[in-house]
Amino acid sequence: MRRLSFLTAIALTGAFALLSSTMAKTPALPLFARALGAPPSLIGWAVMASTVPGILISLPAGLLRDRLGARPLLVAALFVFATAPFLYLLVRTIGELAIVRFYHGFATAIFGTVVGAEIVARYPQSRGHALGVYSAVSTVGRSLAPFLGGALISAAGFPGVYIGCAVAGVLALALGLRVTTDHPAEPVASPGPAASSRTHAAAVLADRVVLTTSLVEALQYLVFGSVEAFLAIYAAHRGWPAWTIGVLLGTQLGIVVLFKPRLGALSDRFGRRALILTGLTVDMLAVAALPFTARFPALLAINAAFGAGFAATTAATGALVADRARSGGFGASMGVLRTIMDIGQATGPVLTGILIGVGGYRLAFLTLAGLLALGAVVFALSAGGRPAAHPAA
């Protein structure tokens with residue numbers, strides 16, 4: 001552990017944490033909710049439950065990180081990662097499932113905000129690359145989760161997959177306790193006295209580029225969360241076994257792992273705007289194509305394209321928001337980004353479930369594609385690119 005850089009060590013912790021949380025969700029969550037007898041609309045609410053904590057806690061967590069440091073918040077998040085999987089074993093109704101998902105959501109909300117702020121503060125000259133490396137390494141766990149989760153469901157049912165989640169969550173806690181104590185912050189140029197948390201938050205909320213970029217990320221995660229939840233149901237309705245659904249969704253995340261660090265480095269060199277617009281366009285076309293085929297090879301190719309577009313957009317959005325941050329206010333900036341992102345991610349599954357109930361999968365997926373197109377137009381018309389960071393407060 002002592003020989004690992006902070007970035008490598010925290011990324012490995014994130015890999016175990018995301019392995020645990022994603023196995024509890026993909027493909028287990030929609031399939032478990034379906035097994036409990038929930039219709040698509042209620043499945044959407046169950047999926048949304050885990051994103052509500054992000055709306056409530058992301059900005060406060062970022063502000064607390066700026067004031068207190070990362071360690072206490074990371075330990076709290078990792079404790080939730082380690083304990084939440086055991087609660088799924090007690091679930092018997094869709095309401096109970098939503099409650100457990102709500103609790104589990106605090107882990108990813110706090111962890112993602114605080115880690116993102118730490119990374120952009122420690123690596124000021126290579127934020128896009130550093131965020132991409134963290135995301136790629138940690139997403140290895142997330143990428144393995146659908147494959148492993150689908151196999152565990154097929155082999156041992158839902159209890160088997162949640163026991164697997166518990167093992168990964170406990171390992172993340174054990175590793176994270178050492179990461180947060182063994183790796184002091186790397187020195188960066190002193191920006192002068194830090195502004196108050198209120199000043200940082202107000203500055204972030206007044207920045208049109210930050211808000212527009214956060215809106216784009218929210219739309220991207222709105223669509224991502226909807227596809228992740230309802231593509232599994234779409235495939236299950238056609239009789240696909242759980243392990244094949246895991247392969248389908250795992251391939252998408254594997255593409256993210258392969259592409260995101262390289263795309264983040266490209267955004268450091270050539271700017272953020274073109275990468276974000278390219279990712280939105282690719283994902284718009286991929287989502288629009290989803291409801292027109294049920295063949296495995298075609299869906300696999302579409303999912304791979306969707307993963308590439310998602311990697312392009314999200315490799316640049318966080319870095320662009322960090323570029324706009326005042327010195328000492330990285331937590332506030334990342335908190336705003338994740339709060340707006342979680343609003344989108346929370347809205348997506350509920351909206352998609354309603355649309356499926358009204359007009360089926362074709363209406364739902366085409367509407368999601370339209371939202372991405374709208375986001376691309378709004379972002380293209382906004383000020384953006386690769387702005388210099390704000391001057392020190």
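The bend at a residue is the angle between two axes, one fitted to the seven residues ending there and the other to the seven starting there. Keep that in mind for helix 9, which bends by about 25° at Phe-230. One caution before going on: this is a predicted model.

Let me stay with helix 9. How far apart are its end C-alpha atoms, and does that agree or disagree with the expected span? At 1.5 Å a residue, the 30 residues should span 44 Å, and the end C-alpha atoms are 43 Å apart, so the two agree. Most of this helix is covered, with 26 of its 30 residues buried. Just after helix 9 comes Gly-239, which takes a positive phi of about 85°.

Now the aromatic rings. The structure holds 13 aromatic pairs. I will take two of them.

In the pair of Phe-32 and Phe-158, the ring centres are 4.9 Å apart and the planes stand at 35°. Stacked would need under 30 degrees and edge-to-face over 60, so this pair counts as tilted. Where do the two residues sit? Phe-32 is in helix 2, residues 28-35, and Phe-158 is in helix 7, residues 127-182. They are 126 residues apart, so to speak of a link between distant parts of the chain is fair. Both Phe-32 and Phe-158 are buried. They also belong to one aromatic cluster, together with Tyr-88 and Tyr-162.

The other pair is Tyr-221 with Phe-224, and it is edge-to-face, at 6.2 Å centre to centre and 65° between the planes. Here both residues lie in helix 9, residues 208-237, and they are 3 residues apart, about one turn of the helix. An α-helix has 3.6 residues a turn, so residues three or four places apart point the same way. Tyr-221 has 12% relative accessibility and therefore counts as buried. Phe-224 is buried too, with a relative accessible area of 1%.

Back to helix 2 for a moment. Which of its residues are buried? They are Ala-28, Leu-29, Pro-30, Leu-31, Phe-32 and Ala-33. That is 6 of its 8 residues, and the helix is mostly covered. Just after helix 2, Gly-37 takes a positive phi of about 90°.

One last item, a charge and a ring. Arg-273 lies over the face of Phe-379, at 5.3 Å from the ring centre.

How values were computed:
Residues numbered from 1 in each chain as written. Predicted model: local features only at pLDDT ≥ 70, side-chain atom pairs only at ≥ 80, totals over all residues. Heavy atoms only, no water. Phe/Tyr/Trp six-rings, centres within 6.5 Å; stacked < 30°, edge-to-face > 60°. Helix = DSSP H or I, 4+ residues; strand = E, 2+ residues; numbered from the N terminus. Buried < 20%, exposed > 50% of the residue type's maximum accessible area, 1.4 Å probe, protein only. Lys NZ or Arg CZ within 6 Å of the ring centre and 35° of its normal. Expected span 1.5 Å × (residues − 1).
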